[in-house]
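Me: Could you walk me through one part of this structure up close? I'd like to look at the ligand and what sits around it, and I'm new to this, so keep it relaxed.

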Amino acid sequence: MFKALYIDKVDDQYQCQFKPLEESDFPEGNVTVNVEYSTLNYKDGLAISGKSPVVRRFPMVPGIDFAGVVESSEHPHFAAGQRVFINGWGLGEKHWGGLTEKAKVNGDWLLLIPESMSSYDVMAVGTAGYTAMLCVQALQNNGITPQSGKVLVTGANGGVGSFAVAFLAKLGFDVIASTGRPEEEARLRQLGASEIIDRNTLSQPGRPLGKELWAAAIDSVGSHTLANVCASTQYGGVVAACGLAQGMDFPASVAPFILRGVTLAGVDSVMCPNEKRRTAWEQIAKLVDKEMLSTASSVISFNEVIDTAHQLLEGKVKGRVVVDIHRN
Ligand code: NDP
């Protein structure tokens, strides 16, 4: 028997509770993993509370990610004892996820934990850090180097933004951080930003083309911000777009693309192929600052997950949340 967070609909009533399960309860999968750490994201909060239709099939074990040790495997690439982790792939939505002592998943989705990192480390980097690295690599793959010029990061105090600032700075880029929280300037400078701008300068409707202010940008904000970011990207520059913190709309013109040859690179972390993920995690393993990990996230016990999920939705949780599955 193992303990899992279990969501079900009984008589049309949405229920989320801890439940003892048996391996015969697993709906599918070919690698069984003893889970050590997971995380608690906004999407998990919605699934646990039932406030939004995140869960696409019942019953469901929530949790979009986990890290742990393989217990048994019928997959040719994995064997008992290997340290593995997973993010995305519809975990906690379509497939049973990581908020459990034991998980069984499709081995095609698993990655080996990089040698220099622990199961806690990969969860503390989490989807935010991994998405930030996918964005950095989207810029690099499109030819952006530190010599190209400055790189703007929007939503810089958020999860993706903070990692993007830190990774870019470590790679030698000159980073401009856009934020609505000027009181966090010292933290952003410590992460490596050389310039801080007020996000209000980007968030209102703007002109099709503006002054060329940066060679590239990582945007987790969307809407007018993304439109203005593209409009002020220099000739031949690249913008990696991954988020919608301001909005899902993109009220822009084609001017930056057809008059300045700007490239807009979309970034998705959920269904991203494993080859791209491996390259991203190799670079994360080289660049990640373990001190930043401990300050950017808090650790809670498995038992605290339901209460913390509700606090997260009420905006009462600061920073990212790692779940220690074996802590009581
Ligand atoms: P956070 O909530 O941690 O950060 C978002 C940041 O965006 C905030 O900290 C704030 O930065 C800024 N922001 C918030 N609201 C507004 C607004 N109205 N106008 C302008 N800026 C705003 O989220 P994450 O960093 O985890 O995720 C960022 C975005 O990326 C989200 O939309 C998320 O859904 C998306 N995402 C996409 C992924 C993908 O696979 N494509 C994966 C992960 C996340 P500041 O305080 O500095 O102003």
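**Around the ligand**

Reply: Let's start with Arg-181: an N or O atom in its side chain is 2.7 Å from an oxygen atom of the ligand. Keep in mind that this is a predicted model. The backbone joins in too, with a polar backbone atom of Gly-180 lying 2.7 Å from an oxygen atom of the ligand. Over at Cys-242, a polar backbone atom is 2.9 Å from a nitrogen atom of the ligand. On its own, the ligand has 920 Å² of accessible area, and the protein covers 70% of that. Which elements give two or more residues to the shell? They are α2 (119-141), α3 (159-170) and β9 (175-179).

Now for the shell itself. There are 23 residues around the ligand, and the ones that come nearest are Thr-179, Gly-180, Arg-181, Arg-199 and Ser-269. Sorted by class, the shell has 13 polar, seven nonpolar and three charged residues.

Let's follow one of those elements, α3, a bit further. Its twelve residues should span 16 Å at 1.5 Å a residue, and the end C-alpha atoms are 17 Å apart, so the two values agree. Is α3 mostly covered or mostly open? Mostly covered: nine of the twelve residues are buried. Among them are Val-160, Phe-163, Val-165, Phe-167 and Leu-168, and Gly-161 and Ser-162 are buried as well. Just after α3, look for Gly-172, which takes a positive phi of about 95°.

Technical notes
Residues are numbered from 1 along each chain as its sequence is written. This is a predicted model: local features need pLDDT of at least 70, side-chain atom pairs count only at pLDDT 80 or more; totals for chains, interfaces and linings use all residues. Side-chain values use heavy atoms; hydrogens and water are left out. A residue is near a molecule or strand if one of its heavy atoms lies within 4 Å of it. A polar contact is a pair of N or O atoms within 3.5 Å; within protein, one must be able to donate a hydrogen and the other to accept it, and residues adjacent in sequence count only if both atoms are side-chain atoms. Accessible areas come from the Shrake-Rupley method with a 1.4 Å probe; for residues, only the protein chains shown count as cover. Helices (H or I, at least four residues) and strands (E, at least two) are DSSP runs, numbered from the N terminus. Ala, Val, Leu, Ile, Met, Phe, Trp, Tyr, Cys and Pro count as nonpolar, Asp, Glu, Lys and Arg as charged, and the others, Gly among them, as polar. The expected span of a helix is 1.5 Å times one less than its number of residues. Buried means under 20% relative accessible area, exposed over 50%, partly exposed in between (1.4 Å probe, protein chains only).
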